[in-house]
Structures are given as structure tokens and as C-alpha cells.
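Visitor: Could you take me on a close look at one part of this model? I'd like to start from a single residue and then see what surrounds the place where that residue sits.

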Amino acid sequence: LTRLVAPDAFGWMFVATSIGVTVSLICDAGFREVVVRSERGQDRAFLDTVWSLQVMRGVLLMTVALLIAGGLWLAERQGYRVGGVYDDPRFPVILAVLSISFMIQGLQSTRLWLAYRRMDTRAIVRIELTVQLVSLATIFGWAAFDASVWAMVAGSISSSVVGVILSHWALPGTSDRFRIEPDATREVLRFGRWIWLSSIITVLSTQFDKLFFGAIAAPTWIGQLSLAIGLVSALEAVIARVASTIALPYFADYMRVDRVAATRRFAQALIAVDCFAFLVAGGLYVTGPLIVDLLYPDSYADAGRKLSVVGAVLLMTRTYVSGNFLLALDRGAMTVLASIAKTVALVGCVTGGYALQGAEGALLGVAAHAVVFYAVTVCIDISSGARLRLLNLLPFAALVAGAAVGQAVVLVASLL
């Protein structure tokens, strides 16, 4: 796709998607979670209420996104400068069209949430893969005739449409209808308030830097950054999937049998994850420009330098293991503390870096906040009973090893 679409298109889409995710998380009510966990999760009246509230939320999300787009358009017409991507006259239109997908997603059937409740993984994965394939086909098909940001916007909307259709037609169950039951509404809202509080923290800790870059950098610069973040996120997703699927039940089983053995196993798993993350981060620091040069066209060349920097966020992948361990210990409050610490570190490092060196300084702030958060989580794990030394040299040895291997790869590539 990078050979068809210019970096600025990725920049617009990156920021618009971040706004969508932010609005969605702020308005998150945990509909899937409440259906999975509630004793009434299979009751038709309860499901109809959840679906009705979900539809109203979808309309609300679209309305908020349209208001933001309208505000940016009006500010541009009146000569007010927000900065960066937000000042581009094309951006409000992109955001406004993209907001349609929010309303469409609100029509998703509760049959999908029931599939999660039944742990029907095969059906869920089948739907997700189909949605991704349709989205990619739409993007590439559109880009073949119009290599612009609208190819990605069309892909996003098509994925929402197909996802909704499949949730209604590809899964067993009864059709949803609009109905509001007072008792069900109270249960959903009561459960959702905790999801909402958690989502506020999540918004700041995961989206602040993206929205901030939207105000300080040009679309092309952000498009290159989005490519680097995408590559790192792919590596991070592998670790997250393994940790989320295996770690919690694994630690929980050990906790019930032998608490001492559980803490020992946790320390071993955490050091292994740290070593892998440091190894890859060290390798990316050296090979970032080479990777981008080999895989992408010249217009994305600066993404290599950004990849070298943002690779540092892999240091935070330890939370996928330590978070599950804390939950197994029934110390969920510590995970909230860690999220707050991450938010403070991100906001402080990114804004501080920008004050010192502009957009490049803010980018270095993203890497710096990962280092700060790594230190904080080590202290939290030790205070929770993990048998770890405050300064374990193995991960740092892995960092040096990764950089050395990366340097060797660069040297070999230069000789070819």
C-alpha cells in the first residue's frame, strides 16, 4: 500500500483514527463485557436493551466526531490555528466521512457478544479475518484507481459494514430489536461506569501522543511515524497475544497450588520477556533505517529513523505478563497505578521533549517514557512479591546483544 499511497495520507488517517479511538473509549460502556459476565447475558430483554444502548452510543460517537470535524473546519475558516494536521482544510472532511463507521458499528448484533460468552473462538476469528480481507480488498481496489487517503477511509467503512452484516447473518441466535428495560439499563450503566473510568486512563496512556503529534507535525511526518509504530505494534501484538492467552490462567493455577512457586515462575517469565523485548529494541535501534529502506519506497525513508526510536516502547511489553500476575494475586489496583504512572510519564516526557526540541524532541519523549515506565513497573512487581532484583543486568545484556547483531546485519547489507 505504501507504494500506492503517499505518506501524508497515512498521516491524516492515523490522526483521524486516533480521534475515533479516543471518542470511542471515552464513551465506552463495556457492552461486550457485560453480556459475557452478566447472569442475564442470554436473556432476550437484556440483550435487546444492550443492543439499543449500543445503537444510541453509535449515533453519539458519530455526532461527537462530526462536531469535532465541524469545529476544526470553522476554526480554519475563521483563521484560528490549531496546528499540524488539524489546520489542513482536508482533514475535517476526512474525519466527518470516517465518522459514518462509528454509527454503523453501533448496529452490530449481540450475537457476536454471545459468541464471546460461549468462547466460540472459531466463529469470532472467521468473522475477523473476513472483515480484514474485505477491508484490504477495498483499500487496494480503490487505490488502484485513486491512490489517496480515501482508499483507507473506504476500507474502514467497508470493514464496519461487513462486520455488522456478518454479526447478524453468520452467527446463530435471535434478531435484536429496539427495547429499553429499566432493570437491564441500570445493570449495564452500573457495570459500565467502571469500564468508563478505566477507559479514561487508557485514552491518555495510549492516544495522547498520537493526538499531540497531530497538532505539532505535518501529515507526511506523521505518516512516516505511523509506519514505524505499525511495525513495532505488530511485534508487541505477538507478545500480548501469548501473555493474555496463557499467562493469567497459568499464574492463577500456580497461585492456587503453590504461591512461592508462582512468584518464581513469574520472575522467570518476566525476565524472559524483558530479554526478548530489549534484544529486539536494540536490534531495531540499529537496523531501523535498513528495514524501511528494504521494505518501503524512498518517500518513507525517514520512517527508519523513527522506527529506531519508537522501538523503545517494546520495553513496556512486560506489562502483559506482570499485569496478569497482579490480577492472579488479586491486586488489580496495582495495574491501575501502573496505568496512571504510564500516563504521567507519557504526557510529561512528550510535552517536555517538545518544549526542548520540537516534534523530534516529542518523539524522543515517547522513547523516554517507555524507559521511565519500565523502571516503575519493576518497582511495582518487586513490591508485589516478585523475586526480582531492582537492577537485573540480563535485559541490558540482551539490549547490547541486539544492537551488536543489528550492527552486523547492517555491515553485511552494506557489503552486498
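Guide: Let's begin with Asp48, which is buried, with a relative accessible area of just 1%. Keep in mind as we go that this is a predicted model. Asp48 sits in helix α3, and its side chain has a partner a long way off in sequence: Arg177, in the loop between α8 (149–169) and α9 (182–216), 129 residues apart from Asp48. The two side chains meet in a salt bridge, at 3.9 Å from N to O. The cut-off for a salt bridge is 4 Å, so this pair at 3.9 Å counts as one. And is Arg177 buried or exposed? Neither label fits, because Arg177 has a relative accessible area of 45% and counts as partly exposed.

That pair isn't on its own, either. Asp48 and Arg177 belong to a network of salt bridges that also links Arg44, Asp176 and Arg179. Over the model, the count comes to 13 salt bridges.

Now hold on to Arg44, since this residue leads us to a neighbouring helix. Helix α3 covers residues 44–78, and it packs with helix α6, residues 110–117. How do you describe a packing like that? Two packed helices are described by the angle between their axes and the distance between the axes. For α3 and α6, the angle is about 120° and the axes are 10 Å apart. The range for roughly perpendicular stops at 115 degrees, and roughly antiparallel needs over 145; α3 and α6 are therefore oblique to each other. On the α3 side, the contact is made by Arg44, Leu47, Val50, Trp51 and Gln54, while α6 brings Thr110, Trp113 and Leu114. Sort those residues by class and you get five nonpolar, two polar and one charged.

Helix α6 has another packing partner to show you. Along with helix α7 (residues 121–143), it packs at an angle of about 135°, with the axes 9 Å apart. So α6 and α7 are oblique to each other as well. Here α6 uses Leu112, Ala115 and Tyr116, and α7 answers with Ile124, Ile127 and Glu128. This contact divides into five nonpolar residues, no polar ones and one charged.

Some of those names come back when we look at the nonpolar cores. The largest core has 66 residues, and the ones that touch the most other members are Val15, Phe91, Val149, Met152 and Trp221. Helix α14 gives the most to this core, with twelve residues. There's also a second, separate core of 21 residues, and its members include Val50, Ala115, Ile124 and Val188. You've already met Val50 in the contact of α3 with α6, and Ala115 and Ile124 in the contact of α6 with α7.

Since α14 came up, let's follow that helix for a moment. Thr343 lies in α14, and at 11% relative accessibility it counts as buried. Leave aside its neighbours within four places in sequence, and Thr343 is in contact with Ile201, Leu204 and Ser205.

Helix α14 (residues 332–383) also holds Glu360, which pairs with Arg305 in helix α12 (residues 303–310), 55 residues apart in the chain. Their salt bridge has its closest N and O atoms 2.6 Å apart. Arg305 forms a salt bridge with Asp302 too, where the closest N and O atoms are 2.8 Å apart. What about exposure for these three? Arg305 is partly exposed at 33% relative accessible area, Asp302 is partly exposed at 28%, and Glu360 is partly exposed at 30%.

One more stop, in helix α8, is Trp150. At 28% relative accessibility, Trp150 counts as partly exposed. Beyond its neighbours within four places in sequence, Trp150 is in contact with Val93, Ile94, Val97 and Trp142. The C-alpha atoms of Trp150 and Ile139 are separated by 8.5 Å, and these two residues are eleven apart along the chain.

Finally, step back to the protein as a whole. Its secondary structure comes to 15 helices and zero strands. Of its 416 residues, 49% count as buried, and Asp48, where we started, is buried too. Among contacts between residues at least 6 apart in sequence, 82% join residues at least 24 apart.

Technical notes. Residues numbered from 1 in each chain as written. Predicted model: local features only at pLDDT ≥ 70, side-chain atom pairs only at ≥ 80, totals over all residues. Heavy atoms only, no water. Axes fitted to C-alpha atoms, helices over the stretch in contact; angles between N-to-C directions. Helix = DSSP H or I, 4+ residues; strand = E, 2+ residues; numbered from the N terminus. Parallel < 35°, antiparallel > 145°, perpendicular 65-115°, else oblique. Contact = heavy atoms within 4.5 Å. Nonpolar A, V, L, I, M, F, W, Y, C, P; charged D, E, K, R; others polar. Buried < 20%, exposed > 50% of the residue type's maximum accessible area, 1.4 Å probe, protein only. Core = buried A, V, L, I, M, F, W, Y, C linked by side-chain atoms within 4.5 Å.
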